[in-house]
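The following explanation leads through selected features of a structure, beginning with one residue and its surroundings.

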Amino acid sequence: MTLAVFFGCSFIAFGPALGLCLFSVVREPLRVIILVAGKAIEGLVALSEDGCSPISIQQMAYVAGLGFGLMSGAFSMINLLADALGPGTVGIHGDSQLYFLTSAFMTMVMIFLHTFWGILFFHGCETQRWWEMVAVIFTHLIVSGLGSRVRQAPSQDPEGPSGALSLSCSLPALPALWCCQLGPTVAFSAISFLFSVIGGPPFVPAGGRCPGAPAARE
Amino acid sequence: MTELSAHLPQFQHGQLTENFPDNHLCNTNDNSERRRHDNSERRRNDNPESETNGQPQNRTQQVVEQDEEDEELTLKYGAKHVIMLFAPVTLCMVVVVATIKSVSFYTRKDGQLIYTPFTEDTDTVGQRALNSILNAAIMISVIIVMTILLVVLYKYRCYKVIHGWLIISSLLLLFFFSFIYLGEVFKTYNVAMDYITLALMIWNFGVVGMICIHWKGPLRLQQAYLIMISALMALVFIKYLPEWTAWLILAVISVYDLVAVLCPKGPLRMLVETAQERNETLFPALIYSSTMMWLVNMAEEDPEAQRKASKSSTYDKQANQIQNEDADLDDGGFNPEWEQQRDSRIGPLESTPESRAAVQALPSNSQASEDPEERGVKLGLGDFIFYSVLVGKASATASGDWNTTLACFVAILIGLCLTLLLLAIFKKALPALPISITFGLVFYFATDNLVQPFMDQLAFHQFYI
């Protein structure tokens with residue numbers, strides 16, 4: 001495959017998330033730490049919770065969700081990208097030729113979904129609304145279930161190399177793939193985004209809570 | 001073993017330092033320290049006669065009052081220091097992984113070092129395990145012996161010996177290893193090169209490196225050289241250590257680091273304490289320092305004398321480091337040296353900042369107004385090396401390939417975060433290897449054996465979770 005495929009797929013999958021990172025995370029060291037270490041630093045943040053927290057809970061939810069999303073996306077995508085740099089032809093045995101492209105789009109959507117789920121879940125935990133947490137878990141299961149549904153449509157023997165080949169050969173045509181898996185996933189992502197926005201944008205300066213924070217930060 | 005020593009306020013107020021040597025070993029939270037110093041100083045101005053006597057009590061009061069504010073600022077500045085270390089550690093690991101993935105020389109088996117004489121190409125698994133345990137034991141003993149030798153040399157003030165050793169070590173690293181590295185890169189990319197151009201390049205690289213590391217130079221350039229030599233050393237380790245031996249050595253070195261830095265009779269701790277008693281800097285050349293601005297704060301009491309004293313002692317220490325490294329050339333020995341250096345950093349009081357200050361000829365008028373945020377952190381090069389060895393070995397030998405590499409990388413960063421957090425809490429020299437290496441090893445084996453087959457199947461079936 002070509003460099004174009006490599007760069008194209010990596011930018012599709014990681015572009016938006018890295019853009020989010022660049023514009024909202026990189027400037028604040030605390031956010032970078034939470035991005036990498038997630039909730040491990042929660043205790044440390046709580047330490048300074050004397051009415052003047054350097055990072056609000058929404059920001060932490062956003063950054064933690066983004067971190068989880070990036071890691072999950074990286075784990076899904078990185079071996080694919082490494083193979084995309086090497087020799088080969090996609091779909092030479094009759095599989096879909098757009099395997100890389102669909103993987104890249106699914107990865108992008110999953111990163112967004114993880115970010116939104118993170119925000120929603122934190123919000124649910126904070127405001128004791130159990131239905132939010134259940135909704136997050138439920139949609140997560142549905143999105144993952146979509147993938148398996150699509151794959152199992154033609155019931156072949158999934159074991160063994162020949163089984164795998166015939167399974168992949170019987171993958172539904174691309175439009176159906178996009179309708180059944182990518183479409184609903186994008187829809188869920190949009191819905192989750194709307195909900196998280198309703199919950200409050202992550203970067204509303206917690207001005208009321210801590211007047212000194214913005215000044216102290218810079 | 002790295003301690004992140006970030007500040008020198010000890011020397012700012014010469015009398016203050018003696019009162020609380022315990023607290024100030026290695027702080028990254030200069031701001032809190034500084035505030036305490038400032039408050040103490042103010043009080044000192046008020047009651048000039050009760051300087052040494054009244055300070056402990058004043059100090060505790062101030063500590064209590066400032067604790068809340070300190071926590072907040074501790075968090076902020078601690079976070080900033082963590083980021084200041086993320087970048088160089090990441091860069092070193094990226095260089096090592098990129099080299100491992102592209103230059104096949106460093107994954108080819110061309111024999112082993114004399115420190116690991118037992119081969120791992122044995123018939124039975126039991127024999128292989130035994131050989132690797134013996135290899136690791138020999139390597140660790142060499143490291144312990146070298147460390148004790150260095151401590152002894154330092155205690156008896158054999159600075160010339162140490163100095164010469166360090167110079168020879170860094171010469172070898174900057175010229176010979178980089179020559180080999182460049183040669184292999186050219187071979188990989190099939191670049192035609194003549195010896196004259198190569199000699200010119202290596203000569204310039206090496207000489208500028210020696211100057212930057214042991215004398216004066218722009219901060220970024222010095223940092224870049226330190227990262228490069230750490231990466232070169234890590235590549236040597238990755239090439240010449242067989243697999244099981246490498247993992248075992250990583251595990252045992254973390255334990256050794258923990259013991260040597262924290263036990264009262266540990267060699268590294270003794271080294272640091274000796275350095276502190278003598279008010280000297282330890283091995284500044286082999287410590288990565290993120291900033292040089294510290295020095296400005298130093299200029300309060302008799303800056304000239306301090307600078308001169310530190311400069312000469314600095315050179316001695318540097319020599320020590322190089323010398324130690326030299327002996328280990330083939331390898332193993334470097335570790336003790338670097339570890340020692342790391343310890344020395346803890347002492348940090350003056351170490352680099354002083355010589356740098358003299359070197360950089362910073363203005364001495366902006367002492368009191370120096371921004372505490374400008375104080376940096378220090379990390380020993382040995383830590384860079386072992387982090388990179390772990391990630392490099394993961395990328396070279398793992399079946400999970402990039403998944404495992406990424407997991408180990410994140411594990412090391414998380415460990416570094418936690419180490420810095422502990423440093424902010426305990427405010428004393430801490431070993432930087434144990435937490436990161438433990439996480440790295442756990443993540444490596446877990447990802448390679450459990451996560452990677454799972455992710456492989458998920459990706460194959462385009463199943464997203």
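With a relative accessibility of 39%, Lys155(B) counts as partly exposed, because that class lies between buried (under 20% relative accessible area) and exposed (over 50%), for a 1.4 Å probe and protein chains only. The model is predicted: local features need pLDDT of at least 70, side-chain atom pairs count only at pLDDT 80 or more, and totals for chains, interfaces and linings use all residues. Residues are numbered from 1 along each chain as its sequence is written, chains are lettered from A and ligands numbered from 1 in the order in which they are written, and side-chain values use heavy atoms, with hydrogens and water left out.

Lys155(B) belongs to helix H5 (residues 125-155) of chain B; helices here are DSSP runs of H or I with at least four residues, numbered from the N terminus. Leaving aside neighbours within four places in sequence, Lys155(B) is in contact (heavy atoms within 4.5 Å) with Met270(B), Thr274(B) and Arg278(B). In addition, the C-alpha atoms of Lys155(B) and Leu271(B) are 7.9 Å apart, although 116 residues separate the two in sequence.

Chain B also carries annotations from a record. An unreviewed UniProt entry lists several stretches as "transmembrane region", including residues 82-100 and 195-213 of chain B; such annotations may be inferred rather than shown by experiment, and the positions are given in the numbering used here, with feature names shortened. In the model, residues 82-100 of chain B are 100% helix and 0% strand, with end C-alpha atoms 27 Å apart. Residues 195-213 of chain B are likewise 100% helix and 0% strand, and their end C-alpha atoms are 26 Å apart.

Definitions and conventions: Helices (H or I, at least four residues) and strands (E, at least two) are DSSP runs, numbered from the N terminus.
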